[in-house]
Amino acid sequence: MKLCMRMKGKVMLMSVAIFLPVLLAACSIAYSALAHSLVQASANTSLRESYGAQLYVDRVLEGADKTEEAFRSHASLITAYLSEQLGYRIQAYDVHGSLLADSVRNELSLPAGDIQQAVAGEKAWTVDETGSEPVLLLSFPVFADQQTIGVLRFLHPLTRETQLMQRTLMMMAVVILFAALLAWVLAGFFADALTSPLHKLQQAAARISKGNYKEPVSIESGDEIEALAKDFDKMRLGIRGYIEGLEQERQKQKMFLDSVTHEFKTPLTAIIGYAELIPRLREEEAKARGLRSIHEEGRRLLKLVEELLALSRLGRTGFSVTDSEAPLEPLVREVVREVRPRLHAADIHLELMLTDDVCRFDRDKTKQVFLNILDNALRYSECMTIEIMMAGNEQQLEVHILDDGIGMTEELQQALLDPVSRLRDARQAKGNGLGLAICREIMTKQGGAIDLYSHPSSGTEIVLSFATGGAS
C-alpha cells in the first residue's frame with residue numbers, strides 16, 4: 001500500500017526516527033556507564049576496607065599462632081565485629097572454600113567464583129543479581145607469614161546504588177520524552193524552512209505551465225534550493241526568450257511573405273499591362289519597347305524566384321556542405337577569370353594578394369559566394385578598383401574584398417544581410433537584394449562568417465572568414 005504523505009510530514013518523521021534511536025542508544029550507554037561506575041566505586045570502597053579488616057585479623061591473632069586453626073577458631077568473632085563496624089554482612093571461609101562463620105544466620109545460594117580466586121591468593125569481586133536487589137561480593141585472602149590461612153567475604157547490598165539508578169532511569173525517561181517533543185517541534189520548523197521554497201518553486205512551475213513567463217522566480221534560502229530556483233529562473237527566461245523569438249520570427253516570416261507577394265505583384269502587373277497594351281499599339285518601336293519591358297520584368301521575376309528558392313534550400317535543416325580541406329587560391333583565381341571580361345568592359349582594375357593557405361570550404365557554394373560579391377561590386381558600387389587579399393592564422397583564413405566605390409549607409413549595411421529587410425527595401429534599391437543573405441547562409445553552414453564594413457563615399461570591405469585545420 002502506497003503511503004501518501006506531504007514532504008513536511010516525511011521530513012519530521014525522518015528526523016524523529018533518526019534522532020530517537022540515537023538518543024536511546026546514548027542514554028543506554030550513559031546508563032550502563034553510570035551503573036558500572038557506581039559498582040566500581042563500591043568495589044573500590046570495599047577493597048579499601050579490606051585492608052582494615054586484614055589489620056584487625058592480625059590484631060585478633062596476635063596473641064595466638066597465626067595458623068588456619070587460629071583463624072578457624074576466631075572466625076565468628078571476626079565476622080561479627082567487622083559486620084558491626086562496616087554495616088554489612090561478613091563471611092569467613094577456610095582455605096578449602098568451606099564456610100566457617102557468617103554474621104547473618106541465614107543461608108544464601110551465592111556464586112563461589114570470587115572465593116576460589118581469594119583462596120588462590122587474589123582479591124576478587126562480583127555482583128550477584130539473583131535476589132531482590134544486587135549484592136556486591138568481595139572476597140580477599142587473609143595472610144599469615146605470606147601463607148593464606150583463610151578468606152573473608154564482604155556482602156555489600158547495592159541499595160543506594162540501585163535507588164540512584166532507578167531515579168536516573170526515571171530522569172532519562174523524562175529527558176527522552178522532552179527531547180522527542182523538542183525534536184518534533186524543531187523538525188517541523190526545519191521542515192517548513194525546507195518545504196516553503198519548494199512550495200514557491202511549485203507555484204512558479206504552475207505559473208509557467210499556464211504560460212506566465214513574466215513573473216520571476218525568487219527564492220532566498222541560502223542552499224541548493226536557491227541555486228535550483230536560479231537555474232529554474234534561467235530556464236524561465238530561456239523559454240520566454242524562445243517564445244518571443246518564435247513570435248518575432250513569425251512576424252518576420254509574415255513581413256517576408258508580404259514583401260515577396262508585393263515583389264511578385266509589381267513585375268506581374270507590368271507584364272500583364274504591357275501584354276494588354278501591345279495589341280493596341282501601332283508603332284513598331286513602341287511595341288518593341290513594350291516587349292523589352294515584358295522581357296526585363298520577366299527576367300526580374302525569374303531572378304527573384306531563383307534567389308528565393310536558393311535561400312529556402314540553404315535555410316533547410318537538412319542542408320549540408322562537403323567540408324573539404326584545400327587551398328582557396330585556385331578557386332579565387334578561377335572566379336577572377338570568369339569575371340575578368342566584365343571587369344575590362346567596366347574599366348575596373350583588379351588587384352590580387354593571395355596565399356596558399358589551406359582551409360575548409362564547399363567548393364561550389366563558395367564559388368557562388370565570390371561570384372555574388374563581385375557581381376554586386378560590378379553592378380552597384382561604381383568603383384574603379386577592387387582588391388582581394390588573403391591573411392591566415394592557425395584558427396581561420398580571412399579573405400578581404402575591397403572596392404573604392406560609393407559605399408553605403410549603416411542602415412543599408414544592416415539590411416543587406418537580412419533577407420526580410422532587404423527584400424522589403426528592394427523596391428527603393430537596385431536588384432532583389434537576396435544575394436548577400438544567401439552568401440551569409442553558405443558561410444554559416446560551412447563554419448565560416450561574412451562581415452560587411454562600409455561608409456558613404458569611402459568604399460566597401462567584405463571579409464569572408466573560413467575555418468582552418470587548427471580550429472576546433
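The following conversation asks how certain labels are earned in a predicted model.

Visitor: Why is Cys439 called buried?
Guide: Buried means under 20% relative accessible area, and because Cys439 comes to 2%, it counts as buried.

Visitor: What makes Cys27 buried or exposed?
Guide: The relative accessible area of Cys27 is 12%, and since the cut-off for buried is under 20%, Cys27 is buried.

Visitor: How many disulfides does the model have, and by what rule?
Guide: A disulfide is called where a pair of cysteine sulfur atoms lies within 2.5 Å, and by this rule the count is zero.

Visitor: How do you know what span to expect of helix α5, and what span does it reach?
Guide: The expected span is 1.5 Å times one less than the number of residues; for α5, with 51 residues (159-209), that gives 75 Å, and the 72 Å from its first C-alpha to its last is close to this value.

Visitor: Where in α5 is there a kink?
Guide: The kink lies at Thr195, shortly before the proline Pro197, and amounts to about 25°, the bend being the angle between axes fitted to the seven residues ending there and the seven starting there. After α5 comes Gly211, with a positive phi near 95°.

Visitor: What makes β2 and β3 edge strands?
Guide: The open sheet has the order β2-β1-β5-β4-β3, with antiparallel pairing among its five strands. Both β2 (99-102) and β3 (124-128) have a single partner strand, so one side of each is left without a neighbour in the sheet. From one strand to the next, the twist averages 20°.

Visitor: How do you know that β3 and β4 pair?
Guide: Pairing requires at least two bridges between two strands, and five bridges join β3 to β4 (residues 135-144), in the antiparallel sense; Thr126, for instance, stands opposite Leu137 in β4.

Visitor: Which strands stand at the edges of the sheet ordered β7-β9-β10-β12-β11?
Guide: In this open sheet of five strands, where the pairing is mixed, the edge strands are β7 (349-353) and β11 (449-454), each of which pairs on one side only. Here the twist averages 15° from one strand to the next.

Visitor: What makes β10 and β12 a pair?
Guide: Where the rule asks for at least two bridges, β10 (residues 396-403) and β12 (residues 460-467) have eight, in the antiparallel sense, and the bridge partner of Gln396 in β12 is Ala467. Helix α9 (residues 363-380) packs on this sheet, touching β9, β10, β11 and β12, and its direction makes about 175° with that of β12.

Methods:
Residues numbered from 1 in each chain as written. Predicted model: local features only at pLDDT ≥ 70, side-chain atom pairs only at ≥ 80, totals over all residues. Heavy atoms only, no water. Buried < 20%, exposed > 50% of the residue type's maximum accessible area, 1.4 Å probe, protein only. Helix = DSSP H or I, 4+ residues; strand = E, 2+ residues; numbered from the N terminus. Axes fitted to C-alpha atoms, helices over the stretch in contact; angles between N-to-C directions. Contact = heavy atoms within 4.5 Å.
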